Amino acid sequence: VQLQASGGGLVQAGGSLRLSCAASGSIFSINAMGWYRQAPGKQRELVARIISDGTTNYSDSVKGRFTISRDSAKNTVYLQMNSLKPEDTAVYFCNAGLKTSILRTTTTYWGQGTLVTVSS
């Protein structure tokens with residue numbers, strides 16, 4: 001199983017970016033997909049998460065600015081980031097809790113990370 005993240009880049013404060021993360025490989029079902037971020041010198045933190053029934057949750061710092069969505073047919077999760085702030089600068093990682101077969105337990109997989117830099 002691989003998770004391929006894309007869409008990071010450099011943007012000015014107030015701008016927008018859209019991140020994508022596609023899961024591929026031997027996937028039986030996906031329970032949840034999410035985005036985390038890690039700024040320099042800080043711990044990795046949850047940004048947003050979406051589970052299979054469509055329920056979403058967000059960190060307080062991004063509520064109202066970021067939107068997570070999912071295309072189940074493509075095993076892809078998106079993160080639309082609006083009104084970006086310099087403090088949003090971080091490496092963004094996607095993850096997925098999934099099963100590779102009906103007999104397997106849910107395992108968490110991580111993507112490689114994509115850098116988002118917001119200039120002031």
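**An all-strand chain, term by term**

Modeller: Of the 120 residues in the chain, 35% are buried.

Colleague: What makes a residue buried?

Modeller: Relative accessible area under 20%; over 50% is exposed, and partly exposed lies in between (1.4 Å probe, protein chains only). This is a predicted model: local features need pLDDT of at least 70 and side-chain atom pairs 80 or more, while totals for chains, interfaces and linings use all residues. Numbering starts from 1 along each chain as its sequence is written, and side-chain values use heavy atoms, without hydrogens and water.

Colleague: Why is tyrosine 36 called partly exposed?

Modeller: Its relative accessible area is 21%. That value falls between 20% and 50%, so tyrosine 36 is partly exposed.

Colleague: Where is tyrosine 36 found, and which residues does it touch?

Modeller: Tyrosine 36 sits in strand E4, residues 29–38. Leaving out residues up to four places away in sequence, its contacts (heavy atoms within 4.5 Å) include Arg44, Leu46, Val91, Phe93 and Trp110. Serine 59 is 23 residues from tyrosine 36 in sequence, with 9.8 Å between the C-alpha atoms.

Colleague: How many helices and strands are there?

Modeller: 0 helices and 11 strands. Both are DSSP runs numbered from the N terminus: helices are H or I with at least four residues, strands are E with at least two.

Colleague: What makes strand E8 mostly covered?

Modeller: E8 spans residues 76–81, and 5 of its 6 residues are buried.

Colleague: How do you know which strands pair with E8?

Modeller: By counting bridges: DSSP must find at least two between the strands. E3 (residues 17–24) has 6 with E8, in the antiparallel sense. E7 (residues 66–71) also runs antiparallel to E8, joined by 6 bridges. Both counts meet the cut-off, so both are pairs.

Colleague: Which residues stand opposite each other there?

Modeller: On the E3 side, arginine 18 faces glutamine 80 of E8. On the E7 side, phenylalanine 66 has methionine 81 of E8 as its bridge partner. The hairpin of E7 and E8 has 4 residues between the strands, and asparagine 75 takes a positive phi near 50 degrees in this hairpin.

Colleague: Why does the radius of gyration agree with a compact globule?

Modeller: The chain has 14 Å, and a compact globule of 120 residues would be near 14 Å, so the two agree. The rule is 2.2 Å times the number of residues to the power 0.38, and the radius is taken over C-alpha atoms.

Colleague: What box do the C-alpha atoms fill?

Modeller: Roughly 50 × 25 × 25 Å, along the principal axes.
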